[in-house]
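Here's a quick tour of the empty spaces in this protein and what lines them. Have the model open while you read.

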Amino acid sequence: MELHLKVAEEVNASSLKPNLHNSTQGKGGKELVEKEAMKAELCRILNKIGALKFGAFKLTSGKVSPYYIDLRIVPSFPDAFQKICDLYVKLIKSDIGANNFDRIAGIPTAGIPFASLTVYHLKKPFLYIRPTERLHGRERRVEGILLPGNRVLLMDDLITSGGSLRRAAEAIRAEGGVVTDAVVLLDREEGGKENLAKDHVKLHYLLTTSEAAYKLYEIGAITEDQLDIVLKQVKRK
């Protein structure tokens, strides 16, 4: 009788313990661990190349921001450029799926170098969007071969209000393309995701600026005051 009770107790106790192997090795857990590693890698790169600046900066959206994440300097660092494009490739494969779009369009100007290297690795045709319609030649805003019905993934470095991505989606749709998704490295959390959703475009991003700020603070790359500057800007959206 005592033996049966002991066995029963052991079984009940073991059933209450979390299955660490399943929680970390299951598909969802593995993807989560990989995504966190990608986020940490991006923050290390941003810190190494000095991409985060504090001051007063006018953004493409017209807003004035107390901080600036300068991803335009990334191509000047070949190793960082390659690693960041690898992050784009992984993000696109995991969150969107390489078979769910036909072409990638780079958003001028910061998105173009990242998109051009990413399409090479994914073996996808490359497009880019002119800020304004060209007044000579084909007089189009979309450069490259775009066929009616082609599914186009928009690609930029980061998003603030989403104006550049929304204008790009409009230009591609005007020429017969289909746009349902956009991918960026960083979401500045200032309304861009919500604005894109109004145009039926889903935003995919690796990291928010608050996440980046916390991670950079944890590794001693920014001060507590600088962390507060970023977080206050996000709350002001």
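A residue counts as buried when its relative accessible area is under 20%, as exposed when it is over 50%, and as partly exposed in between, using a 1.4 Å probe and protein chains only. On that scale, 43% of the 237 residues of the protein chain come out as buried. This is a predicted model, so local features need pLDDT of at least 70 and side-chain atom pairs count only at pLDDT 80 or more, while totals for chains, interfaces and linings use all residues. Residues are numbered from 1 along each chain as its sequence is written, and side-chain values use heavy atoms, with hydrogens and water left out.

**The chain overall**

- The protein chain has nine helices and nine strands, where helices (H or I, at least four residues) and strands (E, at least two) are DSSP runs numbered from the N terminus.
- Take contacts between residues at least 6 apart in sequence: 60% of them join residues at least 24 apart, with contact meaning heavy atoms within 4.5 Å.
- The accessible surface adds up to about 13200 Å², and 54% of that belongs to carbon and sulfur atoms; the areas come from the Shrake-Rupley method with a 1.4 Å probe, and for residues only the protein chains shown count as cover.

**How the spaces are found**

- Rolling a probe the size of a water molecule over the atoms shows where empty space is left.
- On a 1 Å grid over the protein atoms alone, a cavity is a set of points where a 1.4 Å probe fits but cannot get out, and a pocket is an open set with protein on both sides within 12 Å along at least five of seven lines; lining residues have an atom within 4 Å of a point.
- Grid points are joined across faces, edges and corners, and a volume is the space filled by probe spheres set on the points.
- For the linings, Ala, Val, Leu, Ile, Met, Phe, Trp, Tyr, Cys and Pro count as nonpolar, Asp, Glu, Lys and Arg as charged, and the others, Gly among them, as polar.

**The largest pocket**

- Its volume is about 400 Å³.
- There are 25 lining residues, and Thr60, Arg72, Leu158, Thr160 and Ser164 lie nearest the centre.
- β2 (64–69), β7 (158–159) and α6 (163–174) supply at least two lining residues each, with α6 giving the largest share, four residues.
- By class, the lining is a mix of ten nonpolar, eight polar and seven charged residues.

**The second largest pocket, and Lys83**

- This one has a volume of about 170 Å³.
- Glu41, Arg44, Ile45, Lys48, Ile49, Phe77, Asp79, Ala80 and Lys83 form its lining.
- α3 (27–49) and α4 (78–95) each give at least two of those residues, and the largest share, five residues, is from α3.
- Five of the lining residues are charged and four nonpolar, with no polar ones.
- Lys83 sits in helix α4 and is partly exposed, at a relative accessible area of 41%.
- Leaving out residues up to four places away in sequence, Lys83 touches Glu41 and Ile45.
- Lys83 and Leu42 are 41 residues apart in sequence, yet 8.5 Å apart C-alpha to C-alpha.

**The cavity**

- One cavity of 30 Å³ or more turns up, and the largest cavity holds about 50 Å³ of space.
- β2 and α8 (209–218) are the elements that give two or more residues to its lining, and α8 has the largest share with four.
- The lining of the largest cavity has eight nonpolar residues, one polar and no charged.
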